[in-house]
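This report is written for a reader meeting the structure for the first time. Please look over the sequence and the model shown here before reading on.

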Amino acid sequence: MSLRLALDHVVLVVKDLQAAGQVFEAAGFHVTPEARHSPAMGTANRCIMLDGNYIELMGIVAETSANVTWRSLLALGAGIRGLALRSSDIEVSAGDLAAKGIAAEPARRFSRMTPDGELRFSVIRIDSSVTPGLQCLLCQHHTPELLWRPEAMRHPNGASSLVCVALPEMSGLDRLAAHDAFGVAIAPGSGRLVFLGETAVRHDLREVCGVEIEVLRR
């Protein structure tokens with residue numbers, strides 16, 4: 001079974017955020033500097049920005065009640081532990097989930113300062129029982145221009161877009177499937193990320209990030 005999701009970003013939860021960034025850089029990606037979320041969240045990230053979505057490398061910096069789910073998923077090993085779906089209106093998304101009978105937390109709004117201004121976004125976490133082994137959520141960016149910076153989207157390997165995510169467990173994802181042809185393909189398989197780029201290459205990042213990556217020539 002394969003399907004398409006309107007992905008905003010893929011969350012790779014890792015034990016060593018610095019090492020994860022280094023192996024992605026060695027694979028030819030530009031990786032953003034480490035950014036800390038709020039103390040209440042207790043997490044930090046580095047991102048690989050792409051056309052329309054991105055890969056988030058997430059690390060735990062302090063144990064808090066807000067990251068219990070992420071820590072339990074990390075205990076299973078580093079890898080693709082979260083999928084964030086794109087939302088243009090978080091309140092409308094909340095209503096859509098309720099109409100479909102999909103259990104979810106209330107919307108939460110976050111912000112953090114960057115050198116270019118205050119980055120603001122809202123998220124809704126879907127109950128983990130809906131998609132076992134994954135934390136899925138809806139994400140609306142209120143300041144996308146501060147995240148999708150042109151310099152962050154220039155990758156030495158020429159990668160420009162994410163075209164497929166392969167997962168060993170896809171239960172429940174059909175309830176979140178996109179109805180347009182522009183979503184990212186989700187397919188069964190071991191943890192793998194497939195991009196379009198200028199050269200065809202493969203990299204095994206399982207030791208640090210729990211995934212394999214492949215860049216296909218455009």
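In this predicted model, strands β7 and β8 are joined by a hairpin that passes through two residues. The two strands, β7 (108–114) and β8 (117–125), run antiparallel and are held together by seven bridges. Within this pair, R108 has V123 in β8 as its bridge partner, while F110 is bridged to F121 in β8.

The hairpin strands belong to an open sheet of eight strands, which follow the order β3-β4-β5-β2-β6-β9-β8-β7 with mixed pairing. The edge positions are taken by β3 (35–36) and β7, and because each has a single partner strand, one side of each is left without a neighbour in the sheet.

Two helices lie across strands of this sheet. Helix α3 (residues 90–99) lies across β7, β8 and β9 and runs at about 10° to β8, whereas α1 lies across β2, β4 and β5, running at about 5° to β4.

Helix α1 spans residues 17–26, and its buried residues are L17, A19, A20, G21 and F24. These buried residues pack against β2, β4 and β5, and also against β13, α4 (206–209) and β14. At the start of α1, the backbone nitrogen of Q18 has a side-chain oxygen of D16 within 3.2 Å. Just after α1, G28 adopts a positive phi of about 95°.

Strand β4 covers residues 43–49 and includes T43. Is T43 buried or exposed? With a relative accessible area of 3%, T43 lies below the cut-off of 20% and is therefore buried. The side chain of T43 also makes a polar contact with the side chain of H37, at 2.7 Å. When residues up to four places away in sequence are not counted, T43 touches R36, H37, M58, G59, I60, V61 and N67.

A further topic is the enclosed space in the model. The count comes to one cavity of 30 Å³ or more, and the largest cavity has a volume of about 310 Å³. Which residues of its lining are closest to its centre? Of the 22 residues that line the largest cavity, these are H9, H37, M41, E56 and F121. H37 is thus a lining residue of the cavity as well as the residue whose side chain makes the polar contact with the side chain of T43, and F121 is likewise a lining residue as well as the bridge partner of F110. Several strands take part in the lining, with β2 (7–13), β4, β5 (54–60), β7, β8 and β9 (135–141) each supplying at least two residues. The strand that gives the most to this lining is β8, with four residues.

The model also holds another open sheet, in which six strands follow the order β1-β11-β10-β12-β14-β13, and here too the pairing is mixed. At its edges stand β1 (3–5) and β13 (201–205), and because each has a single partner strand, one side of each is left without a neighbour in the sheet. With direction ignored, neighbouring strands of this sheet are turned by 25° against each other on average.

Strand β11 (residues 184–188) is mostly covered, since four of its five residues are buried. It is joined to β1 by three bridges in an antiparallel arrangement, and four bridges connect it in the parallel sense to strand β10 (residues 161–167). At the other edge, β13 pairs with strand β14 (residues 211–217) in the antiparallel sense, over five bridges.

The table gathers some of the residue pairs that link neighbouring strands in the two sheets.

| Residue | Opposite residue | Strand of the opposite residue |
|---|---|---|
| R108 | V123 | β8 |
| F110 | F121 | β8 |
| L5 | V184 | β11 |
| C164 | A185 | β11 |
| H203 | I213 | β14 |

Helix α1 touches on both parts of this description, as the helix lies across β2, β4 and β5, and its buried residues also pack against β13 and β14.

Conventions
Residues numbered from 1 in each chain as written. Predicted model: local features only at pLDDT ≥ 70, side-chain atom pairs only at ≥ 80, totals over all residues. Heavy atoms only, no water. Buried < 20%, exposed > 50% of the residue type's maximum accessible area, 1.4 Å probe, protein only. Polar contact = N/O pair within 3.5 Å; in protein donor to acceptor, adjacent residues only side chain to side chain. Contact = heavy atoms within 4.5 Å. Pairing = 2+ DSSP bridges. Axes fitted to C-alpha atoms, helices over the stretch in contact; angles between N-to-C directions. 1 Å grid on protein atoms, 1.4 Å probe; cavity = no way out; pocket = protein on both sides within 12 Å on 5 of 7 lines; lining within 4 Å. Points joined across faces, edges and corners; volume = space filled by probe spheres on them.
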